[in-house]
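Reader: Hello! I work in computational chemistry, and I'd like a close look at a single part here: the strands and what surrounds them. Could you explain any term you need first, and then take me through it in one connected account?

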Amino acid sequence: MEFKVALIPGDGIGPEIVGEARKVLDRAGEKFGHRFIYKELLMGGASIDVHGVPLTDETLQEAQASDAVLLGAVGGNVGNSRWYDVAPNLRPEAGLLAIRKGLGLFANIRPAYLYQELNEACPLKKEVIGDGFDMVIVRELTGGLYFGKRYTEEVDGVKRAVDTLVYDENEIRRIAVKAFEIAMKRKKNVVSVDKANVLDSSRLWRAVVEEVAKDYPEVTLSHMLVDNCAMQLVMNPGQFDVILTENMFGDILSDEASMITGSIGMLSSASLGAGKLGLYEPSHGSAPDIAGKNLANPIATILSAAMMLRYSFDLDEAADAIEAAVQKVISAGWRTADIMAEGCRQAGTKEMGDLIAAEI
């Protein structure tokens, strides 16, 4: 079978890690009889340098015409004046928000899994880690504070900034359904995270989630305030299966969850909508300080490519093969610099990609 993949290398280490993911995808295609047709697109700072905007209409149209989008990373150092001394809607990260909205991607799926071989890289104590953890954070992606009206004004000589948090019941219901569907394939446990003791939007969130839960009687639902959830992630991460939450809370909690795996360079993510088209990207940023040095960990991007095979292309066998190859390489003692441990062998970005591709 043939699939059209829009490749967006982006900024910083993006081109390096996307290159390795492409290498692994091509190997999986050879192994299982599939062909991936790539269209490379500009977004973020790379697009600003060429077009003056982080996302052009043409790039969005190309992405919409693809079967899936694989993204590296966007952005750079905030001190990079050519990208950041501009209006917020012209900064690199605005391109990411715009493409998610333009593709109708309302659900961000971020697994957080601790490989037993990387226990030493986890910053938590061994007694906290226990038998490890395996959770998925389901984050609403196109509503809430990040997409509400915002403005800065001066009132009686005093500047003030306003950001608006808005959710309607339909936005909440569709992301809740995604979370419960994922839970049905896992341990059948959903923790919905909100701030219902303070926010009206969270009280509506909680009410709608409880309505959705009635359609999934096999799934256990509980609620947790976001500040408590942040504490529980570092006190007892093994308690979580599926965490469901809104946009800003999910942004923060998913980064926290990623770091307790030992390295954010290990974690994949998928952004999904109502259909099969999805956007797949590592959970980490563009890491401009190590760009071009063959130091970046490509595993998160490679695992994101595996998620693409699973969710957009229904190629579960190929996805399983990539995930198994990553496990084999880690079990063999190979590490990139961010997860390096005593007694292991260090590999650069390209070498790690080669090792994983060879195991498929």
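Author: Happy to! Two strands count as a pair if DSSP finds at least two bridges between them. Please keep in mind throughout that this is a predicted model.

Let's start with a hairpin. Strand β6, residues 150-155, runs antiparallel to β7, and six bridges join the two. One of these bridges links Thr152 to Ala161 in β7. Two residues separate the strands of this hairpin, and in the turn Asp156 takes a positive phi of about 50°. How many of the six residues of strand β7 are buried? The number is zero, so β7 (residues 158-163) lies largely in the open.

Next comes the open sheet, which has ten strands and mixed pairing. Reading across, the order is β2-β1-β3-β12-β11-β4-β5-β10-β8-β9. At its edges are β2 (35-40) and β9 (220-225), each of which pairs on one side only. From one strand to the next, the twist averages 25°.

Within the sheet, β4 (residues 107-113) and β11 (residues 268-272) are antiparallel partners, with three bridges between them. Ile109 has Ala270 as its bridge partner in β11. Two helices pack on the sheet. Helix α7 (residues 169-184) touches β4, β5 (134-140), β8 (189-194), β9, β10 (242-245) and β11, and its direction makes about 165° with that of β5. Helix α9 (residues 226-235) touches β5, β8, β9 and β10, and its direction makes about 100° with that of β9.

Strand β10 is a good place to look more closely. Parallel pairing joins β10 to β5 over four bridges, and parallel pairing over four bridges also joins β10 to β8. Val242 in β10 shows this well: Val136 stands opposite Val242, and so does Val190. In a regular strand, side chains alternate between the two faces of the sheet. In β10 both of those faces are covered, with Val242 and Leu244 buried on one side and Ile243 and Thr245 buried on the other.

Strand β5 holds a charged-residue example you may like, Arg139. Is Arg139 buried or exposed? With a relative accessibility of 3%, Arg139 counts as buried, because the cut-off for that class is under 20%. Its side chain makes a polar contact with the side chain of Asn247, at 2.8 Å. Leaving out residues up to four places away in sequence, the neighbours that Arg139 touches include Phe106, Arg110, Tyr146, Ile175, Thr245 and Asp251. Thr245 is thus one of the residues Arg139 touches, and Thr245 is also among the buried residues of β10.

Now for the nonpolar surroundings. As a general tendency in soluble globular proteins, nonpolar side chains are buried together. Here the largest nonpolar core has 65 residues, and Phe36, Ile109, Val138, Leu244, Leu309, Phe313 and Ile356 are the ones that touch the most other members. Apart from that core lies another, of 21 residues, with Leu114, Leu124, Val191 and Val226 among them. Back in the largest core, Leu309 has contacts beyond four places in sequence with Leu25, Phe36, Asp314, Leu315, Ala318, Ala319 and Ile322.

What about cysteines? A search of the whole structure turns up zero disulfides. For Cys122, the nearest cysteine sulfur is that of Cys344, 16 Å away. For Cys229, the nearest cysteine sulfur belongs to Cys122, 16 Å away. Cys122 has a relative accessibility of 6% and so counts as buried, and Cys229, at 0%, counts as buried as well.

Finally, a loop worth checking in your backbone plots is the one between β12 (278-282) and α11 (299-311), where Ala287 lies. Phi of Ala287 is near 40°, a positive value in a residue other than glycine. Asn294 has its place in the loop between β12 and α11 too, and its phi, near 60°, is also positive in a residue other than glycine. At 25% relative accessibility, Ala287 counts as partly exposed, and Asn294, at 25%, counts as partly exposed too.

How values were computed. Residues numbered from 1 in each chain as written. Predicted model: local features only at pLDDT ≥ 70, side-chain atom pairs only at ≥ 80, totals over all residues. Heavy atoms only, no water. Buried < 20%, exposed > 50% of the residue type's maximum accessible area, 1.4 Å probe, protein only. Core = buried A, V, L, I, M, F, W, Y, C linked by side-chain atoms within 4.5 Å. Contact = heavy atoms within 4.5 Å. Axes fitted to C-alpha atoms, helices over the stretch in contact; angles between N-to-C directions. Polar contact = N/O pair within 3.5 Å; in protein donor to acceptor, adjacent residues only side chain to side chain. Disulfide = S-S within 2.5 Å.
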